Structure formats: structure tokens, C-alpha cells
Amino acid sequence: MAAINRDEVAHLAQLAHIEMSDDELDRMATELAVIVDSIKSVSEAAGDDVPATSHPIPLTNVMREDVVGHVLTVEEALSGAPDAASGRFKVPAILEES
Amino acid sequence: MTANELIRSSASAMAAKLAAKEVSAVELTQAHLDRIAEVDGGARGVHAFLHVNTDEALAVAADVDARRAAGEELHELAGVPIAVKDLIVTKGQPTTAASKILEGWMSPYDATVVKKLRAARMPLLGKTNLDEFAMGSSTEHSAYGPTRNPWDLDRIPGGSGGGSAAAVAAFEAPLALGTDTGGSIRQPGAVTGTVGVKPTYGAVSRYGAIAMASSLDQIGPVSRTVLDSALLQEVIGGYDPLDSTSLTDPSTGLVAAARVGNVKGMKVGVIKELHGEGFQTGVEKRFNESVELLRSAGAEIVEVSCPNFRYALGAYYLIMPSEASSNLAKYDGVRFGMRTLPAEGPLTIERVMSATRAAGFGDEVKRRIILGTYALSAGYYDAYYGSAQKVRTLIQNDFAAAFAQVDVLISPTSPVTAFKLGEKIHDPLSMYLNDIATIPANLAGVPGLTLPGGLADEDGLPVGIQLLAPAREDARLYRVGAVLESLLEAQWGGPILDKAPALAELVKTAAAAKEAN
Amino acid sequence: MSTETILSFEEAMEKYDPVLGFEVHVELNTKTKMFSSAPNVFGDTPNSNVNEVCLGLPGVLPVVNKKAVESSILIGLALNCKIAEHCTFARKQYFYPDTPKNFQTSQYEDPICYDGWLDIELEDGTVFHVEIERAHMEEDAGKLTHMGGATGRIQGADFSLVDYNRSGVPLVEIVTKPIEGAGSRAPELAKAYVAAVREIVKNLGVSDAKMERGNVRCDANVSLRPYGQEKFGTRTETKNVNSLRAVENAVKFEIQRHAAVLDSGVKIIQETRHWHEDTKSTTSGRPKSDADDYRYFPEPDLVPIVTTAEWVEELRATLPEPPAERRKRLQADWGYSDLEFRDVVNAGLMGEIEETIAAGASAAAARKWWMGEIARRAKLADVDPAALGVTPAVVVEIEKLIAAGSINDKLARKVLDGVLEGEGTPAEVVQKRGLAVVSDDGALQKAIDEALAAQPDVADKIRGGKVQAVGAIVGGVMKVTRGQADAGRVRELILKTLGVEG
Ligand SMILES: [Mg+2]
Ligand SMILES: [Zn+2]
């Protein structure tokens, strides 16, 4: 299991959409290396024959009928929005100007 | 009865006084609001609350009094006030998850548990402090400052639900709601000398609890007595069609179990791997005494081994951050909460999201998001997340084998008593070790209860005793917990919180001392 | 905007063997969304059909729509798929402002439907066997509108507005296995495949199937390889191809573009391409790179779906006749030639003709009206023939009026005018407009006498044996009677009046 390095943290921060300064990347890499080292035994704990458990209590087929329930008003929907216009959520440009 | 005596009684005793019209709901609620005003604020206050809901709480109380006067049949806990962990969304009060990223956010909907509290007409006193997004074991990771332990204002109240536990320990509320992902109800209960229960996964709806790790999170009661937790779990529990992992089992029989008070012939398993080495001397000593008390009450004590528990912490620190990294992706400054613009460079949505998340999340949250992103990323999934899910199976197998031999399991709740504020904040790993005994229950979905087991000799601070039962057998926890509680209180001559320092004085003196400096 | 060099399609086909693949997203027409009880409605006020779940507010949890699961199973059955006995949901993680949770709840390792096939018939009757890899359930994203900038496109926009009404609408994504051997028929096959999927989901009633509304959306994968090479070339995925014509054109364009790139010795970059209807070309989207690490993991907030044989068979029993079988049956019943029937299918008028015949028209008459006059008018009005306002009952009634001799074909067209202008049923229009054929011989004789008197020289020619000159007199009579006479009867009467054998 590879140790986690600074470049890797930078890539992960990009995937996770968290801007990080160089100092922060260095610190995070050091801390994560320690944590990853301490949990790596997990990968050797269980053999191939052990099934994975994704839900603690196994349930199946929990479904609802196709019946319309409540909706928020447009005002309620937009009430927490950092920015809105014309009844819609407003976000900065998606692409950089080229 | 003075206001001070009133707020120190149990929730069930308060309910009885309300029913007998010895006290009004408004008086009871006001007494708690006064107590909050007295001990919670200021430079050295407990700081259990992030928001106090004065007007609404009093209005609900007045409504209860009017209904009672009119002879209306009310829920047993109607008029008994309660505090709500600020991870649970509430209409009419801010919900922050103790994060800057949600500062000022008002939910347009109520969590299912909050709807149930409202239906029972319990006045909501306010929202309690926590580690940001429930990530921590000390409440020091709150973006709004730490909560202090009422036993020693320089110490942590545990976490993430330090606010709920401290509020109950400081008599600011008789009851509170907590959430427990790896011990966030039980560990704060242990270090504050209070009772807390993580119900069976699915026994209480998670709808409206801000998710950290969906397959581990569970809402549960925080109280000063075992019976009070049982009363509260019966209010908040039960099937919810809005939560697909909700169980259809009825949430009844808990109060009855707490009132049974008999462990004769029950088998209690001591988990070999969860005491001894790594556990503080005073914790170990109080734990052994509790085991002996149960034996003296007629329980058969059996040692059991759960060999895979040694992988639990590692599995937890893969599953929890993986799910958290995903659950926290929605905090991006688009639909709700804070938005931060990048300091320089082009203004694109991607950069705004990244700047918002950089400014809005604290260090521990970022650490877990990055760790979770790592564990789920291409090439590592099988080794990390996949392996952790397998360990989960092994831990469930350990529990199954143990519960084939015994009715309940017992261990210390936390390996240590409350440590000093700031002591572990820069050492994430040692912080994570606080949850070593509580995490297995979350991985397996089984219920766990903590109750006070006395004070450690070396520091005079509370020690927690944890009981664990098979999934859907929450009633057993209440049955055994009530017996142990009554045996211990008989030894102490009253509740353990009677031994806590007089807080009002402490807060005042401390604040004065600080001012003098 | 495209400066791409492309090879001619013929040249591309000489050199390269195309391999296709399609991901078709079908929006289901359930009443509510995939994971929330908010209404699934197209085109309402922005952000008015959302609740806290569709907005991904803190604390919310999803709950699966049973109808959507059943619709997905029906689609799988119609695509000859196996239905998974056990399947799960998974989170596909990427940040985008139209995706409220910044992950899409989808399926990953175990889709509900897998291993299916469809036989696709091209216009000339050639059949291609297309294998379906999987059909899985997922949720739609919200709608972004790009503001500022000249084009309304994402490029050059100043900001965007987000409407989450579509967020959480149930989708079934149908993914083919690589389709080899289509050769120069690849663009046609692409169009026919998407048309077939659209017809199937429409026929099942599980989707409104309107491509112009995005109910059916196609991502087309294209790669080229030299003939004889087994290994696939690098593929591109063209998004946003939202009409049948565009599917055909986009595949054709990408084949031509790939060929030109490969010819110049450059490698194809694996990337998404965007189709532009205005320029009929594609432009580069995001390159597929490490950044596309979706970090799939099992959705912890949803539990697995387990299908039993009873449940699947119950659903199978409700399946309508498959489109291909239905076509075979109808062609045989109606007695149309292959060409006639294909024209009907391509015009999308099979359903209308079927209804018209059921309402009492002959197969020939139904075809004559729908493929003729109605289609012609629809084309002029730039609408679907079915949307023009002519019902099967109208066609049947007009046909009856003709058969009874009340009106002729020319009058029938005027009747249709009246019906379309809201003047009532065909009979009412005939009444109101006074369009009945003049069959009173007395009235006709008067008109004939007048016409003969007006053109004495023509009358003489006819008397002299030039019977073909009778047309001029008939024309005059028809003019006087404003077309309401039976031309055949008029001819007979003229010849009789002049004492000539017809
Ligand atoms: Mg796709
Ligand atoms: Zn898709």
C-alpha cells in the first residue's frame, strides 16, 4: 500500500474541490501518512472468502408508491441560496473565458 | 421545590410533577432557560448551546399548560424541555452542524425526530454544540468554539456530541438528542457522567440528521437516567418511510424494560479486547466494580473474545471518511450556505466551490474528506473501502459469536476520562483512539448504552460503562442499565452528578479570574 | 466554429471500419421523481417542482420509486435483457452545479437489466443485431441556462442559472455493447437504433419519448480501426445528440473527422464531443483524464432491490406487442406493399392509420388520406401529421361521404379545410358550405345547355366526332357549378345532349 505523498494530496484536494495552500498540502500529507499507516492492517484482515457488508442491518426492496408528496415553494427552495435570479439559483460561469 | 432542585430532577420526575400540576411547563422551561443564561455563556461558560430557542420553547410550554388545564390527554413527556444537537435540522432555528459553511442557514423542513418531539409537545430549548459535522471526540472542532466539561471547565466534554452531554450534565436540559457515528453519544456521556444510547441502526429515523457516514450514523437519546433515555427513545423511534434504512419494528417495550430491574440469570459478556491494556487505571477499576455489581445481582459473567475488534478502528477510519467525503460534497456554495469567491484569478464555479469549501470547512473535516476521497479513488478502492467492508463482516461475526453465548456485552465506554482542552487537538490519531470501544457497535449496527460508573481515583472524573446488545434488542440495554444504575447510585448515595462541582459558582469565579488576568 | 478537417464519408469508409456504441438515457414518465415524492412534470415554473430531497439539502435521504423500478424492468424485458435477481444503487461522484448532491445516484456493478439485444431493421430491410450490455436506473440532473455571452452557450457565458425541477427525474440508461460490422451503414444504424429504443419505450408507455424535450437522449460512441484489425480504435463520446437526424449526422461527422485525424498520423484523443446542430459538427469537450475518477461506492442510504420470478413474470404479462412484431402483423392485415408500409413507418403514421382503420376506413383509404392530403398539409404547417387536428373519425366520415357520392375528392379537400377551421364535422361542413355534389340532372342540363351555347364551335367539333374536346365543356360546367358536379355524369349528359356516342 503506497504511502500518501504531497502530489497525491494535491490531486485528491482537486477531486474533492478544496483549495489548499502549499503549507496545507505539506501538513495534510504528513498527517494522512500517519493515519494511513495506522489503518493499513485492514487490507490484510479479511480474505477473499469474506463478503463485504455495506449496510449494518440487511434490508431489501424498500420502495415507495408513485404518489406525489409535498413541494417547497420557489421562495423556500431559494431561501438558502447564496445568489439567485429569476427564480433560479445563480452560479458563476462554468468555463473560464478564453 | 426550588428552581435549582427542579432542574436537577430526572425527566420522568419532571413529567410526573407536570402531570400532577405541581409545576407548570412554562415554569419548568423558564427554569432551564434561566440555568442556560447562568452557566452557558461568557468567556468561561459551558457553551453547550449554539442557539437558544427562548420564545418558541416558552410558547410550546404555555400551549401545553393550556391544554393540560383544558383536560386534554397529553404525551407523558409533554412540557418536558429538550435540547437538540445542531446536526439535526429544525424549522425556525438555525442549523449549522457547527460549521462555518452553514452559518445562518435555516432549514425549510424538520427532521423526523424533531417532528416527533413537536408532536409530543416537548419545548425545544435550542441547538447544542458539536465537533464540526460531528467529526471529533472533544467538541473542540466546533467552528463556534469548544464546549467545556461541567466537571472541569478546562476539560473536554467528549465529542462529537459534547454540547448535548454537557447541557444535560450541567442541568441546562433534562434531555437532549445526540447522534452517534462512532461513539458521539456514548463517549461524551462517559466523560460527563451522563447516560446516552446509540439505538440499533434503523431504530430511529435519520431523516433530517445531517449525514456524516450514512451506514454508521444513528440518532439517540442523551439523559441523566436510564429510564429517561428509554422514555425519549420511545418518542423518537419507529419506522419512517422517509428513511429507507429505517426498521419497521415498533419502538415500544423500552420503558417497561427500564422498569423491570432484574438481571438474575442473565449472561453478561466481558469483552476481552476492550479493557485492560490501553485503558486508564481508574477506568479499569470502576469497570471491574460494575461487573462485580452485576454478578452480585445474579448475572452470570462470561469472558468473551472479539478478535477482529482490533481492526475496527482502521475499518472505521476508512468507511466513515469515505461516506463523509461523499455526503459533504453538497456543501459547495450553490444551493445553500456560505459562498466564498477565490481571492484571485478567474471566477468560475469550480474555483468558487473550491474556495468556499476551503474557507467553510475546518481542518478535521478537510482531513476526513481527503482521506475518504483517497480511500474511494481508482486503484485504492479494493484495498481500502472494499477491505473495510469485509472487516465489517468479521466484526458482525464476532458479535454474533459473542451473543450466541451471552445476552449483553459490557466494556468501558471510553479508555480515558476527560482530557484537557487542547491536549490532543494536534494529534488526530490519539484523538481517534478515544472511540476504540464504541466504534464496533456502529460498524455492526448493534445498540449501545453508556451510563456513569463512578469517578476515576486518579482525577476524580466520570467513567462510563458501556452495554451492548444484539441488533433490535435495545430493551436489554435498558433492563441491565437500570439495574446497574440503581446498584451504583445506592453505593454513591445518589446520582453521580451530585458529586460534580457547583457549576454556577465555578463559571462565575472562572470568568472573574479570567477578567482579573 | 469548427475548423476540423474531415474526409469524405466514402473515403473514410474505404479506409476504416467503424465501431459504434450508444448510451441512451430515457426519462420515465412516472408521477414522481426517482428518489423523492416531488412531481415529475416538464416545463413548469423553475424550482417549483422540488422538495428538500431534489435540492439535496442537508439531512435528506432518498427513497426509491417502485413504479420507476417496474418501468426499468419493463424496458429491460422489451430489450430482451436478463433481470438482476439482486441489484444495488451506487454513487457516481463529480462536482457540477446541476447535480445537487455533487453525486448522481445510479447503478454501477450490478445494473437491474443486463445482456439484452435488439434486431434493428434499416429502411431497406437489412437487419442488424445490436447487443445491449445493460440498462440501469439513475436520476436526472437539473437544467443550466447559460447567461450573458452571445450564443447562450456555455462558452463565453457570464453566469448560469439553475432550475432543479428536472433534478431527480427517473432515468434508465441503456448501454450497448460495441457494435461491429455496420460499415457504411453506421450512420443509418445509429438513427435506426435510437428510433427503435424510442419506439419501444413509447410503446411500453413508460416514457413520453419526446426527443425534443430530452425524454430520450443519446450519447454516441464512435471509433475507427483499419479493416482487418481486431483491436478497437480510440473512441470519442458525442453528447447532446437529441434528434434522430442529429444522431445520424453526428455519427457520420465523427467517422469523417476520425478518418481525417488518423490519416494525418495523429492519435484520436479519448474525449467527449459536443454536437452542434447549427454547424452540423462536433467540438471537443472535456478530455477523459484522471480527473474522471467517479469514486463509485454502494449507496449507503438505499437498500438493494431483489426481484422475484413472480414479480418479473407479472410485469412481463403486461408487456404490449413488441414493435417489430406489431409492424409485421399490421402490414399483413392491411395488405400494403413493403414500400408502402415502410413509407408509413418512416412518416410515423402507423398508429394513426391503425386507428383510422379501426374506426371503419378501408386500409387503402386510410393510407391515401394520411400519407397524402394530411401529410401534405402538416408539412406546410410544419407540424406532425398527428398534431394537425384531423382525427381518424374525420377521415372515416369523409370517406363515407365520398362513397355515398355526396362529395367528390375535390370537395373532400374543401371539407377538410372546414373541419380544420373548426366548422364542425365533415357533414356539418358540407351542409354549411353547401358543398354537396350537384346530382340534379335538371340543374346540370341547364348548365350544360349554357356551356354549349357559350362555345358553339367546341360543340360542333364534338358533334363532328372529336369526343376528346368534351373536356372543355365539362370544365365550363364544373366552373359554373363551383366544382360541385360529378364530372363523369356531366360528360355523359353532354354527349347525350349532342347525340354522340361516348
Ligand atoms: Mg454514461
Ligand atoms: Zn447516465
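These are my notebook entries on chains A and C of a predicted model.

**Chain A, elements.** I started with the secondary structure and found 4 helices and 3 strands in chain A. Reading from the N terminus, I get the order α-α-α-β-α-β-β.

**Chain A, shape.** Next I looked up how spread out chain A is. Its radius of gyration comes out at 22 Å, while a compact globule of 98 residues would have one near 13 Å. Along the principal axes, I have the C-alpha trace of chain A spanning about 50 × 50 × 25 Å.

**Chain A, surface and charge.** I noted that 44% of the 98 residues in chain A are buried. The accessible surface of chain A is about 5,100 Å², and carbon and sulfur atoms account for 48% of that. I then checked the charges: chain A carries 19 negative side chains and 6 positive ones, with the centres of the two sets 5 Å apart.

**Chain C, elements and shape.** On to chain C, where I found 16 helices and 17 strands. Chain C is more spread out than a compact globule, because its radius of gyration is 30 Å and the globule rule gives 23 Å for 502 residues. I wrote down a box of roughly 95 × 55 × 50 Å for the C-alpha atoms of chain C, taken along the principal axes.

**Chain C, contacts.** I took the contacts in chain C between residues at least 6 apart in sequence, and 67% of them join residues at least 24 apart.

**Chain C, surface and charge.** Of the 502 residues in chain C, 53% count as buried. I have its accessible surface at about 22,000 Å², with 50% belonging to carbon and sulfur atoms. Last, I looked up the charges of chain C: 60 positive and 77 negative side chains, the centres of the two sets lying 4 Å apart.

Terms used:
Residues are numbered from 1 along each chain as its sequence is written. Chains are lettered from A and ligands numbered from 1 in the order in which they are written. This is a predicted model: local features need pLDDT of at least 70, side-chain atom pairs count only at pLDDT 80 or more; totals for chains, interfaces and linings use all residues. Side-chain values use heavy atoms; hydrogens and water are left out. Helices (H or I, at least four residues) and strands (E, at least two) are DSSP runs, numbered from the N terminus. The radius of gyration is taken over C-alpha atoms; the globule rule is 2.2 Å times the number of residues to the power 0.38. Buried means under 20% relative accessible area, exposed over 50%, partly exposed in between (1.4 Å probe, protein chains only). Accessible areas come from the Shrake-Rupley method with a 1.4 Å probe; for residues, only the protein chains shown count as cover. Lys and Arg count as positive and Asp and Glu as negative; His and the chain ends are not counted. The place of a charge is taken as NZ of Lys, CZ of Arg, CG of Asp or CD of Glu. Contact means heavy atoms within 4.5 Å.
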